[in-house]
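Biologist: I'm new to this one, so could you show it to me and then walk me through it?

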Amino acid sequence: MAIRYPRPLRPGDRVGVTSPSSGVAGPLRARLDAAIEVVEAHGYEVVVGRCMDGTGHVSAPAAERAAELTRMLTDPAIRAVVPPWGGETAIDLMPHLDFEAIGRAEPTWLVGYSDMSTVLAPLTLLTGVATVHGNCLMETPYRTPEGLLSWLDVVAAPQGGPFAQTPPGRHHTGGRPDWVGDPGMREMPLDGKGGWRRLDADGDVDVEGRLIGGCVETVAPLAGSRYLDPAPLADDGPLLVYVEACEVDALAIARHLHGMRLAGFFDRAAAVLVGRTRAPDAPTLTQHEAVLDALGPLGVPIVADVECGHVAPYLPLVNGARGRVVHTAARSEIVQVLD
């Protein structure tokens, strides 16, 4: 599979905002406005779609959400599309998205995580267009810690040039921030300490491959279908697969990961990156043990507590990009190349 990268964003480019899964309720509209102002401050024009309603668990019927996302991704005037956040049931978009039209169009950046990974991974695997698993619009106002990048940095990065990210050694331990009381919040308290951790064994890690992955709870139901078939991407060599748990307990995560492994999703993995999580342990199984239970038989390095999940800060990963992961006692780093 030849990966196609959207051209880097330039000042004056247009960014589309739509909610392919959950919309934004009235009390949080001020946060949405504050986030849009941050994007505009980078010199971009922001266009907000019609699928934004936050009164239910989805912003509009599936066909309408899919049509709006398809329109934005095929509109040559829109250079990037970012949702306010994820949600719960973006899987219902799969039969409605026009992947062929998206694949024929000039590539446009699609950004997000959580339930958006239900769209990101299939889009890359079916069309060859790179997508960004990174912070969503509502988190965009937060200042990015040293060593990491924002999605705004990634979509403006020169094509072909490598960019490196290193863990800051700090993360957020609290719950959801009060965006209603402080919609312009720019500082996320990073009060927890800790870096990456190898789960499967001791020793250094230095592996390369093309990146693909997403949120376990939302992508696992796609395993074994054409929407989550990594074979075309793996034809180019080994993969760096990343997974992260949002909220379900360790037993459910173990079941999901076992299912993904049995469906062949990890067959060409050179390593697995596991996002830091606040999802609960089970009485007899921790989240880390759940990963080892399901993925230990792969016999590849498993690096956990990576900043690619629901625990801030956020480390954007480009689906389809070439990546190199180095993890030693003295250094942790991921380098991505958009080639």
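Modeller: What follows is a short conversation about rings, pockets and a few unusual backbone spots. This is a predicted model, so local features need pLDDT of at least 70 and side-chain atom pairs count only at pLDDT 80 or more, while totals for chains, interfaces and linings use all residues. Residues are numbered from 1 along each chain as its sequence is written, and side-chain values use heavy atoms, with hydrogens and water left out.

Biologist: Let's start with the rings. How many aromatic pairs are there?

Modeller: The structure holds five aromatic pairs, where rings of Phe, Tyr and Trp (its six-membered ring) pair if their centres lie within 6.5 Å, and planes under 30 degrees apart count as stacked, over 60 as edge-to-face and the rest as tilted. One of them joins Trp-85 and Trp-179, which is stacked because the ring centres are 6.4 Å apart and the planes are at 20°.

Biologist: And where do Trp-85 and Trp-179 lie?

Modeller: Trp-85 is in the loop between β3 (78-82) and α3 (99-104), and Trp-179 is in the loop between β7 (170-171) and β8 (192-193), so the pair ties together parts that are 94 residues apart in sequence. The helices (H or I, at least four residues) and strands (E, at least two) are DSSP runs, numbered from the N terminus.

Biologist: Are Trp-85 and Trp-179 buried or exposed?

Modeller: Both Trp-85 and Trp-179 are buried, and buried means under 20% relative accessible area, with exposed over 50% and partly exposed in between (1.4 Å probe, protein chains only). Phe-265 and Phe-266 form an edge-to-face pair, 5.4 Å centre to centre with 80° between the planes, and these two residues are buried as well.

Biologist: Which residues form a cluster with Trp-85?

Modeller: Trp-85, Tyr-142 and Trp-179 form one aromatic cluster. In addition, the charged end of Arg-31 sits over the ring of Tyr-142, 5.0 Å from its centre; the test is that NZ of Lys or CZ of Arg is within 6 Å of the ring centre and within 35 degrees of the ring normal.

Biologist: Switching to holes now. What is the volume of the largest pocket, and which residues are closest to its centre?

Modeller: The volume of the largest pocket is about 720 Å³, and 30 residues line it, with Tyr-113, Ser-114, Arg-176, Cys-246 and His-310 the closest to its centre. On a 1 Å grid over the protein atoms alone, a pocket is an open set of points with protein on both sides within 12 Å along at least five of seven lines, a cavity is a set where a 1.4 Å probe fits but cannot get out, and lining residues have an atom within 4 Å of a point. Grid points are joined across faces, edges and corners, and a volume is the space filled by probe spheres set on the points.

Biologist: What about the second largest pocket?

Modeller: The second largest pocket has about 200 Å³ of space, and Tyr-142, Arg-143, Thr-144, Pro-145 and Pro-313 are the closest to its centre among 16 lining residues. Tyr-142 thus appears again, as a member of the aromatic cluster.

Biologist: Any closed space? Which residues line the largest cavity?

Modeller: There is one cavity of 30 Å³ or more, and the largest cavity has a volume of about 40 Å³. Its lining consists of Tyr-113, His-133, Gly-134, Asn-135, Glu-307, Cys-308, Gly-309, Tyr-314 and Leu-315.

Biologist: You mentioned unusual backbone spots. What is the phi of Ser-114?

Modeller: Ser-114 has a positive phi of about 60° although it is not a glycine. This residue lies in the loop between β4 (109-112) and α4, and it counts as buried because its relative accessible area is 10%. Asp-305, in strand β13, also has a positive phi, near 65°, and is buried with a relative accessible area of 17%.

Biologist: And what is the peptide bond from Ala-312 to Pro-313 like, cis or trans?

Modeller: That bond is cis, with omega near 5°, and Pro-313 is placed in the loop between β13 (302-306) and β14 (317-319).

Biologist: Last one: how many residues of helix α4 are buried?

Modeller: Ten of the eleven residues of α4 (residues 117-127) are buried, so the helix is mostly covered. Just after α4, Gly-128 takes a positive phi of about 80°.
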